[in-house]
Amino acid sequence: MRVATFNVNGIRAAQRRGFEAWLAEREPDVVALQEVRCPPAQLPPGVFGDHHLTYEPGQIAGRNGVAVLTRTRPAAVRTWDGEVLMRAPGEEHLHTEPSPPGTMARGLSPFASEGRYVEVDLADQPLTVASLYLPKGGLPAHLQKPGGREAPDGGAKYERKMGFLASFARQLDRSRKSARAAGREFLLLGDLNVAHTQLDVTNWRANQKSEGFLPEERAWFDSIVSPRTLVDVVRRMHPDTTGPMSWWSWMGGAFDRDTGWRIDYHLATPGLAKRAITGGTDRPASGPERVSDHAAVVVDYAD
């Protein structure tokens, strides 16, 4: 079973850059997508090949949007917004279907309409798969300086992200335990916008005061992974390697120098993590071949 997570940074742009060719060549069984950033009516025809689409676009025009592609129609779907677009291969309809979120953790309701999370139960495997696009956030007020990359906001984006992290940790625990109670493994895929360890970001010393690598963000990551709860599958397979990076800025030759961040993850329950055979980042051979500013993270799991 080949599983991929891919922040496509806009599916229409990704299609122009070769997303369909990547999908056809790699032939994943499951793909989690983030930043689809496309109204359902404007999804490129045929872009998802012979996969079934489960899409939570959110309600913010031109932003966010998460999806899961599967070989067969999922047995069940859960989103925070309560509605989801489901299409079989070749379909182009626009009607949505109800997707009850169940009990949403306290603090997540402000994010419910933003298209950040969708969770599916596979019909052909005892597995629940979730696609997450976690807020990028910002710096706390005391680290903000005038003239920086973004105008100071008094720490508002930072506080919003930290609130999401606290609430999502509770939601993640519920989802994992619900899957276990149903006899399913659980796999969280997505862009978490946090580099967990010093091996997950180039020039880690210089980035200790950068959003995405703040001590409190990394401590949160510590809290959601353990040998008994969720395992960082790619890090387990590459325990002493810097990277493999999954995001590089479009600017300044970062890709050519491999100056990047590992912020896209497979976090699996221990039983599934043990079944991982091979895995890593689909880093293109050259900058012009990039589909997105992220690269797909692909893992093969034994059936």
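The following exercises, each with a worked solution, concern a predicted model.

**Exercise 1. The open sheet**

Determine the strand order of the six-stranded open sheet and identify its edge strands.

Solution.
Step 1. The order of the six strands is β5-β8-β9-β10-β12-β11, and the pairing is mixed.
Step 2. The edge strands pair on one side only, and they are β5 (76-79) and β11 (231-232).
Step 3. The mixed character can be followed through individual pairs. β8 and β9 are antiparallel, with five bridges, whereas β9 and β10 run parallel and are joined by seven bridges. Strand β10 (residues 185-191) and strand β12 (residues 264-268) are again antiparallel, with five bridges between them.
Step 4. β8 and β9 also form a hairpin, with five residues between the two strands.

**Exercise 2. Residue partners across the strands**

State which residues stand opposite valine 120, alanine 130 and glycine 190.

Solution.
Step 1. For valine 120, the bridge partner in β9 is valine 129.
Step 2. Alanine 130 has leucine 188 of β10 opposite.
Step 3. Glycine 190 is bridged to tyrosine 265, a residue of β12.

**Exercise 3. The environment of β9**

Decide whether the residues of β9 are buried or exposed, and treat the two faces of the strand separately.

Solution.
Step 1. The criterion for a buried residue is a relative accessible area under 20%.
Step 2. On one side of β9, Leu127, Val129, Ser131 and Tyr133 are all buried.
Step 3. On the other side, Thr128, Ala130 and Leu132 are buried, and both faces are thus covered.
Step 4. Since seven of the seven residues of β9 are buried, the strand is largely enclosed by the rest of the structure.

**Exercise 4. The nonpolar cores**

Describe the largest nonpolar core, and name the element that gives the largest share of its residues.

Solution.
Step 1. As background, nonpolar side chains tend to be buried together in soluble globular proteins.
Step 2. The largest core comprises 29 residues, and Phe168, Leu188, Phe221 and Leu267 have the most contacts inside it.
Step 3. Two or more residues are given to this core by each of β9, α3, β10, α4 (215-224) and β12.
Step 4. The largest share, seven residues, comes from α3.
Step 5. A second core, separate from this one, has 27 residues, including Met1, Met86, Leu127 and Val234.
Step 6. The surroundings of phenylalanine 168 can be listed with neighbours within four places in sequence set aside: the residues in contact are Trp80, Leu108, Tyr117, Leu132, Leu188 and Trp220.

**Exercise 5. The packing of α3**

Classify the relative orientation of α3 and α4, and characterise the residues of their contact.

Solution.
Step 1. Helix α3 (residues 156-181) lies across β8 (117-121), β9 (127-133) and β10, and runs at about 150° to β10.
Step 2. Two packed helices are described by the angle and the distance between their axes.
Step 3. The axes of α3 and α4 come within 11 Å and cross at roughly 5°.
Step 4. Angles under 35 degrees count as roughly parallel; α3 and α4 are therefore roughly parallel to each other.
Step 5. From α3, the contact is made by Tyr158, Lys161, Met162, Leu165, Ala166, Phe168, Ala169 and Leu172; from α4, by Glu216, Glu217, Trp220 and Ile224.
Step 6. These residues divide into nine nonpolar, no polar and three charged.
Step 7. Alanine 169, in helix α3, is partly exposed because its relative accessible area is 22%. Apart from neighbours within four places in sequence, alanine 169 is in contact with Trp220 and Ile224.

**Exercise 6. Backbone geometry in the loops**

Locate the cis peptide bond and the asparagine residues with positive phi.

Solution.
Step 1. The reference case is that most residues other than glycine have a negative phi and most peptide bonds are trans.
Step 2. The peptide bond from glycine 243 to proline 244 is cis, its omega being near 0°. Proline 244 belongs to the loop between α5 (233-237) and α6 (254-257).
Step 3. Asparagine 193 has a positive phi, near 50°, and asparagine 203 has a positive phi of about 55°.
Step 4. The loop between β10 and α4 holds asparagine 193 and also asparagine 203.
Step 5. Asparagine 193 counts as buried because its relative accessibility is 12%.

Technical notes:
Residues are numbered from 1 along each chain as its sequence is written. This is a predicted model: local features need pLDDT of at least 70, side-chain atom pairs count only at pLDDT 80 or more; totals for chains, interfaces and linings use all residues. Side-chain values use heavy atoms; hydrogens and water are left out. Two strands pair if DSSP finds at least two bridges between them. Helices (H or I, at least four residues) and strands (E, at least two) are DSSP runs, numbered from the N terminus. Contact means heavy atoms within 4.5 Å. Axes are lines fitted to C-alpha atoms, for helices over the stretch in contact, and angles run from 0 to 180 degrees between N-to-C directions. A nonpolar core is a set of buried Ala, Val, Leu, Ile, Met, Phe, Trp, Tyr and Cys residues joined through side-chain atoms within 4.5 Å. Buried means under 20% relative accessible area, exposed over 50%, partly exposed in between (1.4 Å probe, protein chains only). Angles under 35 degrees count as roughly parallel, over 145 as roughly antiparallel, 65 to 115 as roughly perpendicular and the rest as oblique. Ala, Val, Leu, Ile, Met, Phe, Trp, Tyr, Cys and Pro count as nonpolar, Asp, Glu, Lys and Arg as charged, and the others, Gly among them, as polar.
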